[in-house]
Amino acid sequence: MKYLQGEYQILSKTNLAKNVYDFVILAEEIAHLAQPGQFVHLKVKGFLLRRPISICEIDPQKGTIRIVFEVRGEGTQQLSQLNQGELIDIMGPLGNGFTKLEKQKKVVVVGGGIGVPPMLEVAKYYGDNATAITGFRSANAVILNEDFKRIGAHLMLCTDDGTMGGKGFVTNALKYHLLQEHADMIYACGPQMMLKGVVELAKEYNIPCEVSLEERMGCGVGACLVCACKTVKNGNEYLAHVCKDGPVFPAENVIFD
């Protein structure tokens, strides 16, 4: 796994929703190495452990990467205080990304909450051959709608309370879509219960599926056991490292508790 570590300049900062921030960062070497589904590990001043953040978008021509993250604790709160022009200490790209099929294949990307950002770069690869199903609690939490439209993906938006898009869960929208149209692959990232439902539908419709798992991390490169998760390897239960063996796994290899 080849990765870099250094300080990179924040080119822009946007507040997308309450406690959700969007950074575009000038990191040419990382942008040329990064693949959809990988993440970066960010050093936050005053904290020992880095913070893992999924890569939302990659632009090798401009030499930029984009990250979108939610403030969930003191570390990400401190991270959100950085501003345009400041430097940020990044290690990356890390982990294994999503499998890329031929661009003409029909795929579905499914994201829930802060699991939506890493799905943007996957959908961008397929353009109008991608259907993006995104789910949020309510309208005030919705992010990246216009971005999915910009890249040409077909968007199906769901909110739990029906204040924007369709009312209900992403699994309902996914089932409806699969009844209408064949998919060659399903990619998903979000809460574990959502992933479990997506994987069950993929199995029901006999569609290959890959899921990106979210776990707390220590080192980010597989040297510690903080991000262990239950998977299946050669027919036996195996504790994999989300940072090194993932964060993307074939759906059939993940054990959902």
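**Notes on the predicted model: helices, sheet and barrel**

1. Start with a pair of helices. The axes of α5 (residues 170-180) and α6 (residues 192-204) come within 9 Å and cross at roughly 15°. Angles under 35 degrees count as roughly parallel, so α5 is roughly parallel to α6. The crossing of these two helices is right-handed. Keep in mind as you look that this is a predicted model.

2. Which residues of α5 and α6 make the contact? On the α5 side they are Val170, Thr171, Leu174 and Lys175. On the α6 side you'll find Met194, Gly197, Val198, Leu201 and Glu204. Sorted by class, the α5 and α6 contact has five nonpolar, two polar and two charged residues.

3. Now for the open sheet. It has seven strands in the order β10-β9-β8-β7-β11-β12-β15, and the pairing is mixed. The edges are β10 (166-167) and β15 (248-250), each of which pairs on one side only. Try tracing that order on screen, starting from β10.

4. Within this sheet, take β7 (residues 107-112) and β11 (residues 185-189). They run parallel and are joined by five bridges. If you want a spot to zoom in on, Val110 stands opposite Ala188 in β11. Helix α6, from the first point, turns up here too: α6 lies across β7, β11 and β12 (209-212). Its direction is at about 170° to that of β11.

5. Next, look at β8 (residues 130-136) and β9 (residues 154-159). These strands pair in the parallel sense over six bridges. Thr134 has Leu157 in β9 as its bridge partner. Put helix α4 (residues 145-150) together with β8 and β9, and you have a right-handed β-α-β unit.

6. From β9, step across to β10, one of the edge strands. Here the pairing is again in the parallel sense, over two bridges. Thr159 is the residue that stands opposite Lys167 in β10. While you're looking at strands, here's a handy rule: in a regular strand the side chains alternate between the two faces of the sheet.

7. Over to the barrel. How many strands close into it? There are six, in the order β1-β2-β5-β4-β3-β6, with antiparallel pairing. From one strand to the next, the twist averages 45°.

8. Inside the barrel order, β2 (residues 20-26) and β5 (residues 64-70) run antiparallel and are joined by seven bridges. Phe23 stands opposite Ile67 in β5. A helix belongs in this picture as well: α3 (residues 117-126) packs on the sheet and touches β4 (51-59) and β5. The direction of α3 makes about 30° with that of β4.

9. Stay with β4, since it has partners worth a look. β3 (residues 39-43) and β4 run antiparallel, with four bridges joining them. Leu42 finds its bridge partner in Arg51 of β4. β4 also pairs with β5, in the antiparallel sense, over four bridges. There, Ile55 stands opposite Ile67 in β5. You've met Ile67 already, as the residue opposite Phe23.

10. What do β4 and β5 form, and how many residues lie between them? They form a hairpin, with four residues in between. In the turn, Gly63 has a positive phi of about 70°.

11. Finally, a couple of backbone details to check. As a reminder, most residues other than glycine have a negative phi, and most peptide bonds are trans. Asn19 has a phi near 65°, a positive value in a residue that isn't glycine. You'll find Asn19 in the loop between β1 (4-17) and β2. Then there's the peptide bond from Gly92 to Pro93, which is cis, with omega near -5°. Pro93 lies in strand β6 (residues 87-94), and β6 is one of the strands of the barrel.

Terms used. Residues are numbered from 1 along each chain as its sequence is written. This is a predicted model: local features need pLDDT of at least 70, side-chain atom pairs count only at pLDDT 80 or more; totals for chains, interfaces and linings use all residues. Side-chain values use heavy atoms; hydrogens and water are left out. Axes are lines fitted to C-alpha atoms, for helices over the stretch in contact, and angles run from 0 to 180 degrees between N-to-C directions. Angles under 35 degrees count as roughly parallel, over 145 as roughly antiparallel, 65 to 115 as roughly perpendicular and the rest as oblique. A crossing is left-handed if the near helix is turned anticlockwise from the far one by less than a right angle, and right-handed if clockwise. Contact means heavy atoms within 4.5 Å. Ala, Val, Leu, Ile, Met, Phe, Trp, Tyr, Cys and Pro count as nonpolar, Asp, Glu, Lys and Arg as charged, and the others, Gly among them, as polar. Two strands pair if DSSP finds at least two bridges between them. A crossover is right-handed if, with the strands pointing away from the viewer, the path from the first strand over the helix to the second runs clockwise.
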